[in-house]
Structure formats: C-alpha cells, structure tokens
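Q: Please take a close look at one part of this model. Then work outward to the rest of the chain, giving the numbers as you go.

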Amino acid sequence: RLAVEPGVGPLTADHRSAAARYATLLVRGPDADHPERHRPMLEQARLAMEAAERRLSEHSARVQAERLTPQVALAEVMSAVPRRAALVAFASYRRFGAGSDPAGSPSYLAYVLRAGQHDVAVVPLGAATHLDSTIARWSDEAAQGVARHMPGRSEASYRVAGSALRRALWDPLLPHLRNVDRVFVVPDGAINLVSFATLPLDDGRYLLEKG
C-alpha cells in the first residue's frame, strides 16, 4: 500500500520543474549570439535539479522516520521479487574524481537483482551529462517530432533518438536479464522521464512488443 506523504506535492513539483529546465537547456544548446552563457546556465540548472532531488529525498526520509516504519532489508526485497522477474534500480551519484575534477563527475549506474539470486549486479552507465542529453533528445522527439518533421519522417527521427537511448540505458543491462519475463524499474534523476516500453528495437519493434 502506498501512502501520500504530507508536503511531498510541492517538492515533487519543484523537482519536475528543475529537471524539465535542465533537459530543455540540454536540447536547446548554446544561443548563437551568446554561446558563452550556455555552460554556466546548464551547470546552474543541474545543481538546482540535484538540490530539488535532495530536498525531496530528505523529506521522504524524515517522514518515514517519524512514522517509525522499519527499514526493509535486502533479504526481504530478494524474497519479494517474483519468479522469472528482476528489479532494476537506477541511481545517480558523483564518481570520485582527481586532478581538475576532485569533486567527481555526475554519473549513473544500475543495480540489478534477479529472483532466486543473492548477488546484486552493479552496471555502470557512464557520465550523467551524456545520458541526460540522450534522454533530452529522445524526449524532444517524442513530444515535438510530429510538428517538426515532414509527414512520414517523425517516426524515423524518433527511432534514431530512441535507439540511441536504448543502447545507452537498456542494452548494458541485457546480460543480467536473460530468461526474465518482467522487469520492475526504479528510476532516478532524468531517467524518471523515460518510458522504457516505447524505446525502439533494431528489428523494427518496440520494447513493449518484445515483452
């Protein structure tokens, strides 16, 4: 059973707004008249998105603590995953850096837990800047492609953007999803915007059609 946490609505709206602004700046790219302004604006938008995400996470943790809800152990999660199913939890994090980047680069990874297995696979997905921009291009084609392209070209353009996203986000997980019928996805960061079922496959179908 899911309970609505008090006060979570405005924080969720702030996070969605900050994520949308970051994605918009990624898609729009530098202004032709003032290209030097783009990188600082993009960095500011990314920091605002991460701050909104932290506030939402901290609020949720505080509410749960106030309710004295016991933490769910990994063993309980493992036992709850149905047969021939897998749980994929994405996470955004800062990879430890060095030299000119001591704070670390924003990155993504995925945890994959399969029914009947006691080990959790950790799959690095690379830099957040690359994956977020790939998500933004896919999202833009999904939302605006029909209006932008000539008749008959919108799906082809969508498939190009969607295939790039599938290769970056989904294909690295496939070695850990053999003989799996269902995947439960827990997104994070800009991955919250992704509709996995609509990602195109190389054989002309979509992920939803493959099952």
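**Gly 162 and its surroundings**

A: Start with the contacts of Gly 162. Beyond its neighbours within four places in sequence, Gly 162 touches Trp 138, Leu 199 and Pro 200. The model is predicted, and the values that follow are computed from it. One of those partners, Leu 199, sits 37 residues away from Gly 162 along the chain, yet the two C-alpha atoms are separated by 5.3 Å. Gly 162 counts as buried because its relative accessibility is 0%, and buried here means under 20%.

Now the helix around it. Gly 162 belongs to helix α5. That helix covers residues 154–169, 16 residues in total. From first C-alpha to last, α5 reaches 22 Å, close to the 22 Å expected at 1.5 Å a residue. Which residues of α5 are buried? They are Ser 157, Tyr 158, Arg 159, Ala 161, Gly 162, Ser 163, Leu 165, Arg 166, Ala 168 and Leu 169. The list includes two arginines, Arg 159 and Arg 166. When reading such a list, keep the helix geometry in mind. An α-helix has 3.6 residues a turn, so residues three or four places apart point the same way.

Next, a buried residue in another helix. His 15 lies in helix α1, residues 8–28. Is His 15 buried or exposed? It counts as buried, because its relative accessibility is 10% and the cut-off for buried is under 20%. With sequence neighbours within four places set aside, His 15 contacts Met 49, Ala 52, Glu 53, Leu 56 and Asn 192.

Turn to the strands. Strand β1 spans residues 85–95 and runs parallel to strand β4, residues 182–186. 5 bridges join β1 and β4. Leu 87 stands opposite Phe 184 of β4. With β2, β1 runs antiparallel, and 10 bridges join the two. The partner of Phe 90 in β2 is Ala 110.

Tyr 93 is also in β1. It is partly exposed because its relative accessibility is 30%, and that class lies between 20% and 50%. Apart from residues up to four places away in sequence, Tyr 93 touches Ser 105, Pro 106, Ser 107, Tyr 108 and Leu 109. Tyr 93 and Gly 189 are 96 residues apart in sequence, while their C-alpha atoms are 9.6 Å apart in space.

Strand β2 holds another tyrosine. Tyr 111 is placed in β2, residues 105–114. At a relative accessible area of 38%, Tyr 111 is partly exposed. Tyr 111 joins Leu 74, Val 120 and Val 122 in a nonpolar surface patch of about 330 Å².

Finally, the whole chain. There are 6 helices and 4 strands. Along the sequence they follow the pattern α-α-α-β-β-β-α-α-β-α. The chain has 211 residues, and 36% of them are buried. Among contacts with a separation of 6 or more, 64% link residues 24 or more positions apart. The Gly 162 and Leu 199 pair, 37 residues apart along the chain, illustrates that longer range. The chain exposes about 13,100 Å², of which carbon and sulfur atoms supply 56%.

How values were computed. Residues numbered from 1 in each chain as written. Predicted model: local features only at pLDDT ≥ 70, side-chain atom pairs only at ≥ 80, totals over all residues. Heavy atoms only, no water. Patch = residues over 30% accessible without salt bridge, like charges linked within 9 Å, V, L, I, M, F, W, Y side chains within 5 Å. Areas by Shrake-Rupley, 256 points an atom, 1.4 Å probe, with all protein chains shown as cover. Salt bridge = Lys/Arg side-chain N within 4 Å of Asp/Glu carboxyl O. Buried < 20%, exposed > 50% of the residue type's maximum accessible area, 1.4 Å probe, protein only. Contact = heavy atoms within 4.5 Å. Expected span 1.5 Å × (residues − 1). Pairing = 2+ DSSP bridges.
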